Amino acid sequence: MTFLQVTLFLWEGFKLSLLIFAVTLLCGAPLGLPIAFCSMSKFKPLKYLSKVFVWVVRGIPLMLQIFIFYYAPGLVFNIPISRNINLFFLQNFGIENMGMIIPVLVAFTVNYACYFSEIYRGGIESITYGQYEAGYVLGLTKSQVFRHIVLKQVIKRIVPPMSNEIITLIKDTALANCIMLPEIIMKAGELASREMLVWPLFYTGAFYLVFVGLLTIILGRVEKKLDYFKA
Amino acid sequence: MANLYINNIYKKFGKTEVLKGISFTLNEGEVVSIIGSSGSGKTTLLRCINFLETPDYGTISIDDNVLFNGENHSKLTDAQIRENRLHFGLVFQSFNLFPQYSVLQNVTLAPKLLKKGTNEEIEQKAKQLIEQVGLTDKMNSYPCQLSGGQQQRVAIARALAMNPDILCFDEPTSALDPELTGEVLKVIKDLKESGRTMIVVTHEMEFAKNVSDKIIFMADGVIEEIGTPKDIFENPVSEKTKHFLQNSLERI
Ligand SMILES: Nc1ncnc2c1ncn2[C@@H]1O[C@H](COP(=O)(O)OP(=O)(O)OP(=O)(O)O)[C@@H](O)[C@H]1O
Ligand SMILES: [Mg+2]
């Protein structure tokens with residue numbers, strides 16, 4: 001196999017990694033917000049429920065959670081996971097017969113939403129109450145104070161920890177191979193056993209590195225954009 | 001007209017009674033300074049007046065308009081509380097400027113959100129207020145680029161932008177380096193001359209003596225003594241007042 005052929009072969013796998021990355025970020029980041037608000041709720045049962053949920057999700061290895069979402073439908077509800085589920089968005093992505101990506105996406109989204117929620121909570125709680133009160137005495141509503149005064153300060157504070165999580169996320173996508181989802185490392189393994197080629201396994205690192213490099217530049221720009229004020 | 005009537009305010013936190021029946025009147029155009037030792041309840045009183053705390057008992061009125069009546073125990077709605085807060089402005093010890101906004105934006109934010117006029121009107125008024133506190137050249141600076149004294153002057157302009165009937169200050173110079181207190185006190189003095197009604201909690205005795213029409217000395221949650229600066233500083237009646245003034249003189 002030529003270098004180009006290997007690259008294209010691995011790229012097929014990396015597309016899956018990117019899909020997991022994108023879906024987790026697009027669904028997990030917003031989902032983290034209600035979880036964060038529940039964890040800060042004054043209504044005690046909701047607060048503790050949310051805290052226990054976050055504890056469980058963060059306390060169990062992500063790989064185990066993938067297994068749970070992969071096997072639970074069959075074991076508990078007797079719904080077999082079918083490789084032949086062809087969702088429209090998967091087809092648009094050029095991926096077919098890959099129903100087992102669903103439990104992976106669910107596990108990643110739930111897992112990362114919990115991590116994000118803790119970052120949001122830390123960010124929101126780190127804003128001094130004086131900022132809220134300064135808004136209230138001017139006659140602003142609670143939601144105006146949150147949206148126009150607190151939010152941007154929170155965003156500034158959560159950008160660095162969010163950047164960390166986002167960079168970890170792309171590398172975590174490799175865990176999907178525990179249920180034989182052919183992400184990039186799985187694909188490289190295939191080459192090793194079928195073609196006796198070991199170097200592609202190490203070559204996969206370059207894909208991650210390039211992508212993480214891009215992320216670093218983008219996230220650095222966001223951070224820089226918020227550099228004009230101190231909070 | 002905007003005369004403030006504070007009547008028999010009580011407030012406790014848990015079991016500690018912090019305010020135990022505070023009553024006083026503030027007429028339009030007057031400045032009252034509140035002095036008293038740490039923990040006597042001065043901040044709590046200002047916070048009650050600005051509806052950041054709800055008193056347990058008593059009334060707060062402006063002229064015939066009863067803003068709060070602890071007796072009928074009907075809880076104020078959020079909208080009523082916001083309405084009430086508009087009568088007052090509060091300048092905090094720690095400024096609490098909004099760090100992500102420029103000086104001008106800090107001053108215009110609330111009037112714009114609450115639609116107190118067209119954007120041009122609001123900006124024009126804000127620029128005039130910023131000039132009044134002597135910061136025209138800092139209009140587009142951010143709070144982190146200003147000294148403490150400058151930040152506090154912006155906070156004063158910000159409070160004035162909502163055009164409150166009564167402006168309250170909670171130790172406006174306590175967080176400042178000594179050489180910066182003068183510029184803030186001067187702004188407050190100018191406001192007094194332009195006829196602003198103000199309540200100033202302060203440890204600056206000389207300042208209190210010079211700008212106030214009335215001095216309130218608080219001790220342990222009650223008004224121990226109230227009178228003109230001359231009464232309080234030259235002929236204090238209460239032993240506690242004498243003791244407090246003696247101590248604050250010694251400190252200097
Ligand atoms: N939110 C609160 N919860 C419990 N206790 C409080 C609260 N706020 C104030 N207190 C207590 O009320 C008392 C009066 O506090 P306050 O801040 O009004 O005093 P102060 O006169 O402003 O003092 P200082 O000169 O130090 O600013 C103090 O004993 C304080 O511990
Ligand atoms: Mg105080």
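What should the 16 residues of helix α6 (residues 178-193) of chain B span at 1.5 Å a residue, and how far apart are its end C-alpha atoms? The expected span is 22 Å, and the end C-alpha atoms are 24 Å apart, which agrees. Welcome to this structure; please keep in mind that the model is predicted.

## Helix α6 of chain B

Let us stay with this helix for a moment. Its buried residues are L180(B), T181(B), V184(B), L185(B), V187(B), I188(B) and L191(B). They cover an arc of only 150° around the axis, which puts them on the same side of α6(B). The face turned away from that buried side carries the exposed residues E179(B) and E193(B).

What lies over the buried residues of α6(B)? The cover includes three helices of chain B, namely α4 (119-132), α5 (148-161) and α7 (205-211), along with the strands β7 (166-170) and β8 (197-201). Just after α6(B) comes G195(B), with a positive phi of about 90°.

## A glycine in a loop of chain B

G195(B) also appears among the contacts of another glycine, G29(B). You can find G29(B) in the loop between β2 (16-26) and β3 (31-36) of chain B. With a relative accessible area of 24%, G29(B) is partly exposed.

Setting aside residues up to four places away in sequence, G29(B) touches K192(B), G195(B), R196(B), T197(B) and D213(B). Of these, K192(B) falls within α6(B), which runs over residues 178-193. There is also a long step in sequence to look at here: G29(B) and I166(B) are 137 residues apart along the chain, yet their C-alpha atoms are separated by 9.1 Å.

## Helix α3 of chain B

Helix α3 (residues 103-113) of chain B is mostly covered, with 9 of its 11 residues buried. Those buried residues are V103(B), L104(B), N106(B), V107(B), T108(B), L109(B), A110(B), P111(B) and L113(B).

Which elements do they pack against? Two belong to chain B, α4 and α5, and one to the other chain: α7 of chain A. Following α3(B) is K115(B), whose phi is positive, near 50°.

## Two helices of chain A

Now for chain A. Its helix α9 (residues 199-225) has 27 residues and reaches 40 Å from its first C-alpha to its last, close to the 39 Å expected at 1.5 Å a residue. Buried in α9(A) are P200(A), Y203(A), T204(A), F207(A), Y208(A), F211(A), V212(A), L215(A) and L219(A). Their cover includes α1, α7 and α8 (184-195) of chain A.

Helix α1 (residues 3-39) of chain A holds S39(A). Is S39(A) buried or exposed? At 3% relative accessibility, S39(A) counts as buried, because the cut-off for buried is under 20%. Leaving aside neighbours within four places in sequence, S39(A) is in contact with K47(A), S50(A), K51(A), V54(A), E118(A) and R121(A).

## The largest pocket

Finally, have a look at the largest pocket, which holds about 1000 Å³ of space. It is lined by 30 residues, and the closest to its centre are Y129(A), Y136(A), K142(A), D78(B) and R85(B).

Which elements supply at least two residues of the lining each? From chain A these are α6 (129-137) and α7 (142-172), and from chain B they are β5 (65-69) and α2 (78-85). By type, the lining divides into 14 nonpolar, 6 polar and 10 charged residues.

Key:
Residues numbered from 1 in each chain as written. Chains lettered and ligands numbered in written order. Predicted model: local features only at pLDDT ≥ 70, side-chain atom pairs only at ≥ 80, totals over all residues. Heavy atoms only, no water. Helix = DSSP H or I, 4+ residues; strand = E, 2+ residues; numbered from the N terminus. Expected span 1.5 Å × (residues − 1). Buried < 20%, exposed > 50% of the residue type's maximum accessible area, 1.4 Å probe, protein only. Arc of directions from axis to C-beta. Contact = heavy atoms within 4.5 Å. 1 Å grid on protein atoms, 1.4 Å probe; cavity = no way out; pocket = protein on both sides within 12 Å on 5 of 7 lines; lining within 4 Å. Points joined across faces, edges and corners; volume = space filled by probe spheres on them. Nonpolar A, V, L, I, M, F, W, Y, C, P; charged D, E, K, R; others polar.
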